Amino acid sequence: VDIWSIGCLMGEAGLQQPLFCAADEVELLFLIFRFLGTPGPDLWPEAMSFKNYSAKFPIYRPFDLRLAGRFSLSTAEEVALWQELRDHRSEVLDKVSKLGLVLETSGM
């Protein structure tokens, strides 16, 4: 068991539902990318050389999940992140907000 698996299990326990519901592996990858951001050469250089990695994958900008769990909308960065999540990743915002309530913001 690795850290990623433990994190997913904790998220699922907190939400009381699967963190990522996908019909196949490609859809699962895209859900994870939407949640955490698409890996790129700056974040994970080795991923570019993986056999099944494609430059045609959708690009989602990574963001700090700790911010998504406790918005005060007091900075331009928080407002921009809120707008992006609300418009393009509302399911991410919903899940992170629910987890924030379960863990309380001090746990995030």
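This is a short talk on the fold, the core, the aromatic rings and a few single residues of one chain.

Hi everyone, and thanks for coming. Before anything else, please keep in mind that what you see above is a predicted model.

Let me start with the overall layout. The chain has five helices and zero strands, so if you like the α-α-α-α-α notation, that is the pattern along the sequence. There are 108 residues in the chain, and 29% of them count as buried. Now take the contacts with a separation of 6 or more: 50% of those in the chain come from residues 24 or more positions apart. As for the outside, the chain exposes about 7400 Å², with carbon and sulfur atoms supplying 60% of that area.

Next, the inside. Which residues make up the largest nonpolar core? There are 10 of them: Cys-8, Leu-15, Leu-19, Phe-20, Leu-31, Ile-32, Phe-35, Val-92, Val-96 and Leu-99. At least two residues of this core come from each of helix 1, helix 2 (25-36) and helix 5 (90-103).

Now for the rings, which I enjoyed looking at. A pair of aromatic rings is described by the distance of the centres and the angle of the planes. The count here comes to seven aromatic pairs. Let me take Phe-20 and Phe-35, which you have just met in the core. Their ring centres are 5.4 Å apart with the planes at 85 degrees, and because an angle over 60 counts as edge-to-face, that is what we call this pair. Where do the two residues lie? Phe-20 is in the loop between helix 1 and helix 2, while Phe-35 is in helix 2, so the pair ties together parts that are 15 residues apart in sequence. Phe-20 and Phe-35 are both buried.

A second pair, Phe-30 and Phe-33, is tilted, at 6.1 Å centre to centre and 40 degrees between the planes. These two phenylalanines are three residues apart in helix 2, which means about one helical turn separates Phe-30 from Phe-33. Is each one buried or partly exposed? Phe-30 is partly exposed, with a relative accessible area of 24%, whereas Phe-33 is buried at 6%. The cut-off for buried is under 20%, so Phe-30 falls outside that class. Ring pairs also link Phe-30 and Phe-33 with Tyr-53 and Phe-57 into a cluster.

Staying with that cluster, let me bring in two residues from the loop between helix 2 and helix 3. One is Thr-38, and the other is Pro-58. Thr-38 counts as buried, at 7% relative accessibility. What does Thr-38 touch, not counting residues up to four places away in sequence? The list is Phe-33, Tyr-53, Pro-58, Ile-59 and Tyr-60. Phe-33 and Tyr-53 are both members of the ring cluster.

Pro-58 counts as partly exposed, at 27% relative accessibility. Leaving aside its neighbours within four places in sequence, Pro-58 is in contact with Phe-30, Phe-33 and Thr-38. Pro-58 and Phe-30 are 28 residues apart along the chain, and their C-alpha atoms are separated by 7.5 Å.

There is another proline to show you in that loop between helix 2 and helix 3 (65-68), namely Pro-62. Pro-62 is partly exposed, with a relative accessible area of 43%. With neighbours within four places in sequence left aside, the contacts of Pro-62 are Leu-36 and Gly-37. The C-alpha atoms of Pro-62 and Leu-36 are separated by 5.5 Å, and the two residues are 26 apart along the chain.

Let me end with two spots on the outside. Val-1, Ile-3, Ile-6 and Met-10 make a nonpolar surface patch of about 500 Å². Ile-3 from that patch is found in helix 1 (residues 3-15). Ile-3 counts as exposed, because its relative accessibility is 72% and the exposed class is over 50%.

The other spot is Gln-16, in the loop between helix 1 and helix 2. What is the phi of Gln-16? Phi is positive, at about 60 degrees, although Gln-16 is not a glycine. Gln-16 is exposed too, with a relative accessible area of 74%.

That is my tour, and I am happy to take questions.

Technical notes: Residues numbered from 1 in each chain as written. Predicted model: local features only at pLDDT ≥ 70, side-chain atom pairs only at ≥ 80, totals over all residues. Heavy atoms only, no water. Helix = DSSP H or I, 4+ residues; strand = E, 2+ residues; numbered from the N terminus. Buried < 20%, exposed > 50% of the residue type's maximum accessible area, 1.4 Å probe, protein only. Contact = heavy atoms within 4.5 Å. Areas by Shrake-Rupley, 256 points an atom, 1.4 Å probe, with all protein chains shown as cover. Patch = residues over 30% accessible without salt bridge, like charges linked within 9 Å, V, L, I, M, F, W, Y side chains within 5 Å. Salt bridge = Lys/Arg side-chain N within 4 Å of Asp/Glu carboxyl O. Core = buried A, V, L, I, M, F, W, Y, C linked by side-chain atoms within 4.5 Å. Phe/Tyr/Trp six-rings, centres within 6.5 Å; stacked < 30°, edge-to-face > 60°.
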